[in-house]
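Q: I'd like a close look at one part of this protein, please. Could you walk me through a single strand and its surroundings?

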Amino acid sequence: MKPSRCLLLAAVVLSLLTPLTSSAQSNYPNRPIRLIIPFTPGGVTDTSGRFIAEQLSLKLGQQVVAENKPGASGNIGTQMVATAEPDGYTLLLGYAGTLTINPSLFDKVPFDSVKDFAPVGKIGDAILILVANNDFKGKTLADVIAFSKKDPNGISYGTSGTGGTPNIAGELLKQKTGANLVHVPYKGGGQALLDLLGGNIPLVYTAVAGANQYVSSGRIKAIAVSSAKRSPSLPDVPTFIEGGVKDFVIDDWVGLLAPAKTPKPIVAKLNQALNEILNSTEGKARLFAMGITPSPGTPEKFGEQIKSDLARFAPIVKGLQAKPE
């Protein structure tokens, strides 16, 4: 076949495909969407993810189904989205620990936090909190530090898993204060809280989102939050800085991502719907109640934070020499 005919044929094929592709994007979504939550039920990723899925269903006119796919500190569920078809029908409830800490924690992770995803938008910053069961004698951060130093075996604290932001925060607390704390990793923040409620572990470092209801009902004791300011949902709980630990500010974040190469019109539509949720009265109220400060913005802004947090956490994780379990 002559070159001119080849070019003509290619042009015809392209002209036929382009309307189909544009039509598919303009009709998006025309079937249910999966939102992969890479942790077990009960933690901040689960509670916030299910709320966002519920609200996106209303905004988009198609059901958004939240699916828990836990394992390997969030790596398994995150990889599922990284390798999914980039058509907007498989999304990730992204978590700061998985996307920005795991790459420095594990010798190898099955995804690239920057290259394998198309950021849709940040949902918000989740305030972290240190809580104790009601049998624990201490009431303040100073008590926790003092008691841990007196106990030769130290005091155990549970988290959602090794290398997550709560674990990093706990290890930094040890580093800054000399507290004798022993990390106990769980498969999710919800499981750690259940053990705390059962009296099986004295302390848990988790997100306010999961602990709020138990603190408010008096079933567990709040020690301190690691945000710069007190949590709007728990205004009586002091910060770590107020407790005497200088410059101790570590928050989590959650966000929405799609596989890399997802068409920009689809990403834009999802971003618009997400921002409408985050700016709504109900969205703000529900997320604040979970201990999450809504952060509406652009995909580009969210992508830049992922890059900057990767660089920020790398030396901290390597310095702590934490290892996944």
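How many bridges join strand 1 to strand 3, and in which sense do they run, parallel or antiparallel?

A: Happy to help! A word on the basis: this is a predicted model, where local features need pLDDT of at least 70, side-chain atom pairs count only at pLDDT 80 or more, and totals for chains, interfaces and linings use all residues. Residues are numbered from 1 along each chain as its sequence is written, and side-chain values use heavy atoms, with hydrogens and water left out.

Strand 1 and strand 3 (residues 90–95) run parallel and are joined by three bridges. Strands here are DSSP runs of E with at least two residues, helices are runs of H or I with at least four, and both are numbered from the N terminus. Two strands pair if DSSP finds at least two bridges between them.

Strand 1 itself spans residues 33–37. Strand 2 (residues 64–68) also pairs with strand 1, in the parallel sense and over five bridges. Leu35 shows both pairings nicely: Leu35 stands opposite Leu91 in strand 3 and opposite Ala66 in strand 2.

Between strand 1 and strand 2 there is a connection to trace as well. Together with helix 2 (residues 44–60), these two strands make a right-handed β-α-β unit. Right-handed means that, with the strands pointing away from the viewer, the path from the first strand over the helix to the second runs clockwise.

Finally, how covered is strand 1? Four of its five residues are buried, so the strand is mostly covered, where buried means under 20% relative accessible area, exposed over 50% and partly exposed in between, using a 1.4 Å probe and protein chains only.
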